Amino acid sequence: MGILDDVVINAKSAAEAVGKKAGQLVDVSKLRISAAEINSEITKRYQALGQYVYEDLRDKISEDTEAAGKVTELDELTAQYTAVMKELNDKQNRTVCPSCGKRCSSGDAFCSVCGTKLGE
Ligand SMILES: [Zn+2]
């Protein structure tokens, strides 16, 4: 089953749960929390789907002008993020392990998590 199917099933379960309480006093705040949680999950899954599509179709969508533009924007933002993180790490005397992504001290010879040699 796909990730969107899970959301549909959860929404169905939530609807059934609400149905069982018909005739009873419904706790509005619980419903609001439930709605917020489901909405948050939908947002997360849209993000996951977008990342999946981006990674899977990156080369194939280059002929679609609008999609290609969005890929370019994302690549530029990623480059900006990398540059900002490098500047931040430099200011804090940190270096990022190229293997596992752990932020290590600039003076460390090896990554404390995975043991990769640092500083090259
Ligand atoms: Zn590491």
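Asn 93 is where I should like to begin: in this predicted model, Asn 93 sits in the loop between α3 and β1. Its phi is near 50 degrees, a positive value in a residue other than glycine. As a point of reference, most residues other than glycine have a negative phi. Asn 93 counts as exposed, because its relative accessible area is 53% and the exposed class begins over 50%.

Let me place that loop in the chain as a whole. The protein chain contains three helices and two strands, and along the sequence these follow the pattern α-α-α-β-β. Of the 120 residues in the chain, 9% are buried. Please keep that figure in mind, as some of the residues I shall discuss belong to the buried class and others do not.

I turn now to the metal site. Which residues coordinate the zinc ion? The ligands are Cys 97, Cys 100, Cys 111 and Cys 114, each through its SG atom, at 2.3 Å. The angles among the four donor atoms run from 103 to 118 degrees, and the site is tetrahedral. The assignment follows because every angle in that range falls between 85 and 135 degrees, the limits for a tetrahedral site with four donors. In sequence, the spacing of the donor residues reads C-x2-C-x10-C-x2-C. Within this arrangement, Cys 97 and Cys 111 link distant parts of the chain. Cys 97 belongs to the loop between β1, residues 94-96, and β2, residues 103-105, while Cys 111 is in the segment after β2, 14 residues apart from Cys 97.

Are these cysteines buried or partly exposed? Cys 97 and Cys 111 are both buried. Cys 100, by contrast, is partly exposed, with a relative accessible area of 39%, and Cys 114 is also partly exposed, at 37%.

With four cysteines at one site, disulfides deserve a word. A disulfide is a covalent bond between the sulfur atoms of two cysteines. A search of the whole structure finds zero of them.

Next, the charged pairs. How many salt bridges does the model contain? The count comes to three. Glu 41, Lys 44 and Arg 45 are linked in a network of salt bridges, and I shall take its members in turn. Lys 44 pairs with Glu 41, with 3.9 Å between the closest N and O atoms. That distance is counted because the cut-off for a salt bridge is 4 Å. The two residues are three positions apart in helix α2, which spans residues 28-57, so about one helical turn separates them. Glu 41 also pairs with Arg 45, and here the closest N and O atoms are 2.9 Å apart. Glu 41 and Arg 45 both lie in helix α2 as well, four residues apart, again about one turn of the helix.

The surroundings of these three residues vary. Lys 44 is partly exposed at 48% relative accessibility, and Glu 41 is partly exposed at 27%. Arg 45 counts as buried, because its relative accessibility of 16% falls under the 20% limit.

The remaining pair is in helix α3, residues 65-91. Asp 90 forms a salt bridge with Lys 86, the closest N and O atoms being 3.0 Å apart. Asp 90 and Lys 86 are four residues apart in that helix, so they are separated by about one helical turn. Asp 90 is partly exposed, at 44%, whereas Lys 86 is exposed, at 52%.

Let me return to helix α2 for a nonpolar feature. Tyr 46, Leu 49, Tyr 52 and Val 53 form a nonpolar patch on the surface, and together they present about 410 Å² of accessible area. Leu 49, one of the four, lies in helix α2. Its relative accessible area is 31%, and Leu 49 is therefore partly exposed. Leu 49 can join the patch because 31% is over the 30% required of patch residues.

Finally, the connection between α2 and α3. Asp 59 is located in the loop between these two helices. Asp 59 is exposed, at 66% relative accessibility. How far apart are Asp 59 and Val 71 in sequence and in space? They are 12 residues apart in sequence, and their C-alpha atoms lie 9.7 Å from each other.

Note on methods. Residues are numbered from 1 along each chain as its sequence is written. This is a predicted model: local features need pLDDT of at least 70, side-chain atom pairs count only at pLDDT 80 or more; totals for chains, interfaces and linings use all residues. Side-chain values use heavy atoms; hydrogens and water are left out. Donors are N, O and S atoms within 2.8 Å of the metal (3.2 Å for Na, K and Ca); water is not among the atoms, so sites may look incomplete. Four donors count as tetrahedral if all angles lie between 85 and 135 degrees; four count as square planar and six as octahedral if opposite donors are over 155 degrees apart and all others between 65 and 115; anything else is irregular. Buried means under 20% relative accessible area, exposed over 50%, partly exposed in between (1.4 Å probe, protein chains only). A salt bridge is a side-chain nitrogen of Lys or Arg within 4 Å of a carboxyl oxygen of Asp or Glu. A disulfide is a pair of cysteine sulfur atoms within 2.5 Å. Patches are made of residues with over 30% relative accessible area and no salt bridge: like charges are joined within 9 Å, nonpolar side chains (Val, Leu, Ile, Met, Phe, Trp, Tyr) within 5 Å. Accessible areas come from the Shrake-Rupley method with a 1.4 Å probe; for residues, only the protein chains shown count as cover.
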